[in-house]
Structure formats: structure tokens, C-alpha cells
Amino acid sequence: MALWFAWFVALAAVAVAGYAAYLLARNRPVDNPLFYAASALELLLVVQTVAGCVALASTDRDIEGVTFVGYLLTCVLIPPAAVLWGVSEKSRWGTGVVVVGMLTVAVLVARLVQLWSGHA
Amino acid sequence: MPESPDGPETPKTPETGRVHTGSGFGRMLVAVYAVFAISATARSGVQLVLYFDDAPVAYLLSAFAAVVYIVATIALARRGPVAEKVASVAIGVELVGVLVVGTVTVLDPELFPDATVWSGFGEGYGYIPLLLPIVGMWWVVRTHRLNRRTV
């Protein structure tokens, strides 16, 4: 997996988390821009999952495959879950759920890079 | 985290007038608990299935922590006095767990050959495992008090 892409995805997740935190601080529920930002991140995560699986299949290095694919798939599941659950809470804390979800994605992507680099 | 002066607002359930641990600020708390429940379960699953013989005590402890997080998450997300009770017990166990395992692992780092969620007071997870039961307990007690006032 191209590491720059993974770092880009992690940065994007942090950026979405930052915007959600801004809304949280302004006492606002999930709004349309946040929804679109999370959707864009989801697209990146789908690309990352495909690229990650291809990279894992074509490398002969010793990567913890189960954990690696587990992280890839979990990353893809988090944004929809966080946004759906966040939208159904009509207060700033719904936005808080999105903050938690996006930060979790960022941490998972950083862990993916660690796994790939062999510092598990 | 910014809060209004009298703490985060908790919307009341229209039907019963009871507040509930899974709404308002509690919604975000449940989200954090869910992250820990899922990650602890996945981690301990991999440990138990693939590496159990390397460090059985640490891995059984990981599995126990995972169960505690699952119970706390579900109890916080559900409404009613029973769920409140279960949540307070689970979070109490979680607090004792992180304090005991944290202390033991700091005093004798050799005891567990591999880390658990609670090792070093949760240092591998940004000390969130130490912070989480404290915030969780505060939230459950607060919800309980509010409900006693309204009943």
C-alpha cells in the first residue's frame, strides 16, 4: 500500500473530526457539509481497502494479514455507523459521535501504516 | 470539551420524563465505549485464537476487559433502572480493573509478557481506559440523581 495515500486518508479523517469538533463547540447537530465530508472520506476508505488488500496479496513480506484486513474493513464500517448514529441524536452530542468515529478512523489508519512498516 | 455551566444538557424522554444514559452527552460516551468494546473484543479474539500459549494470563485478562466493555456499552445505551444498575456495576469493575492492572504492571512490568488494554493505566491507548470509567461513573451517577428527582 502506498504509504502517502494512507497518511492522506488519516489526515482527511483528522480534518473531518476537526470540522465535527468545531460544530460540537458551536453547539450544532450534524449538518450537510459534515455529511458530505464523511461521505468523501468513506470513498477514500473504500479505495484504501481495495489498495490495501491488493498490496497485501502481492507482497512477500511477513505482514499480520488477519489484523491488517480487519483494520481495513473496520475503517470502512465506522463512518456510516458514526454518521447514522450521530444524525439520530439531534444535539451537539450527535456531532460528538462523529468526532469519536473520525478520530478512531485516523488511529486505525496510523496502526495500518505501523503494521505495514513492521512496527506492530 | 465545552459544556454549559450546569453540565451537558440531557434531553428527557417525553413518555416517561426519565433521562437516560444513552442520550445527550451519553450518546458520545456510548460511542467511545463501543469503540473500546469492539477493539478489545477483536484484539482479544486474535490473541486467544492465534497466540494463546504465549501469554495466557494477559490474554484471558484482555478477554475479561472486552466483556466488561461490551456489558458497559450495552447497559449505557439501554434505558431503565436495570440498565443503570448494570452500567454502574460494569463501570465499577472497569475502574477497579484499570487501577489494579495499571498498578501491577507499573510495579512489575515482567508479570505480563504481552500488553492488555489496562496495562500501565491504558498507556497504549492514550490513557483513555483510565479516563473512561471515571467519566462513565460520573455520568451514570448524574443520570441516577436526575431520575430520583423526577420520580
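Biologist: Let's start with one helix: which residues of H3(A) are buried?
Modeller: Helices (H or I, at least four residues) and strands (E, at least two) are DSSP runs, numbered from the N terminus. A residue is buried if 20 or more other C-beta atoms lie within 10 Å of its own, exposed if 12 or fewer, and partly exposed in between, with C-beta atoms placed from the backbone. On that count, the buried residues of H3(A) are A:Phe68, A:Tyr71, A:Leu72, A:Cys75, A:Ile78, A:Pro79, A:Ala82, A:Val83, A:Trp85 and A:Gly86.

Biologist: Happy to have those names, but what kind of model is this?
Modeller: Residues are numbered from 1 along each chain as its sequence is written, while chains are lettered from A and ligands numbered from 1 in the order in which they are written. Local features need pLDDT of at least 70, side-chain atom pairs count only at pLDDT 80 or more, and totals for chains, interfaces and linings use all residues, since this is a predicted model.

Biologist: Back to that helix, then: what do the buried residues of H3(A) pack against?
Modeller: Two residues are in contact if their C-beta atoms, placed from the backbone, lie within 7 Å. The partners of these buried residues come from both chains: H2 and H4 of chain A, plus H1 of chain B.

Biologist: At which residue does H3(A) bend?
Modeller: H3(A) reaches 34 Å from its first C-alpha to its last over 23 residues, close to the 33 Å expected at 1.5 Å a residue; the expected span is 1.5 Å times one less than the number of residues. A bend is the angle between axes fitted to the seven residues ending at a residue and the seven starting there. Here the bend is about 25 degrees, with a proline, A:Pro79, following within four residues, and it falls at A:Ile78.

Biologist: Does that picture fit the whole chain? I mean, what is the radius of gyration of chain A?
Modeller: Chain A has 4 helices and 0 strands, and 39% of its 120 residues count as buried. Its C-alpha atoms fill a box of roughly 50 × 20 × 20 Å along the principal axes. The globule rule (2.2 Å times the number of residues to the power 0.38, with the radius taken over C-alpha atoms) gives 14 Å for 120 residues. Chain A comes close to that, so it is as compact as a globular protein of that length, with a radius of gyration of 15 Å.

Biologist: How many C-alpha ångströms separate A:Ala40 and A:Ala12 in space?
Modeller: A:Ala40 belongs to helix H2 of chain A and is partly exposed, because 13 other C-beta atoms lie within 10 Å. Although A:Ala40 and A:Ala12 are 28 residues apart in sequence, their C-alpha to C-alpha distance is 9.2 Å.

Biologist: Which element gives the most to the side of chain A that touches chain B?
Modeller: The contact takes 14 residues from chain A and 12 residues from chain B. On the chain A side, helix H3 (65–87) and helix H4 (92–117) are the elements giving two or more residues. With 7 residues, the one that gives the most is H4(A).

Biologist: Which residues have the most contacts inside the largest nonpolar core?
Modeller: A nonpolar core is a set of buried Ala, Val, Leu, Ile, Met, Phe, Trp, Tyr and Cys residues joined through C-beta atoms within 7 Å. The largest one has 65 residues, and those with the most contacts inside it are A:Ala13, A:Val98 and B:Tyr33.

Biologist: Leaving aside neighbours within four places in sequence, which residues is B:Tyr33 in contact with?
Modeller: Some of the buried residues of H2(B) matter for this answer, among them B:Tyr69, B:Ala72, B:Thr73 and B:Leu76. With neighbours within four places in sequence set aside, the contacts of B:Tyr33 are B:Tyr69, B:Ala72, B:Thr73 and B:Leu76.

Biologist: And how far apart are the end C-alpha atoms of H2(B)?
Modeller: H2(B) is part of a chain with 4 helices and 0 strands. At 1.5 Å a residue, its 22 residues should span 32 Å, which agrees with its end C-alpha atoms being apart by 32 Å.

Biologist: One last puzzle: where is B:Phe121 found?
Modeller: Most residues other than glycine have a negative phi. B:Phe121 is not a glycine, yet it has a positive phi of about 60 degrees. B:Phe121 counts as partly exposed because it has 18 C-beta neighbours inside 10 Å. It is found in chain B, in the loop between helix H3 (81–107) and helix H4 (128–150).
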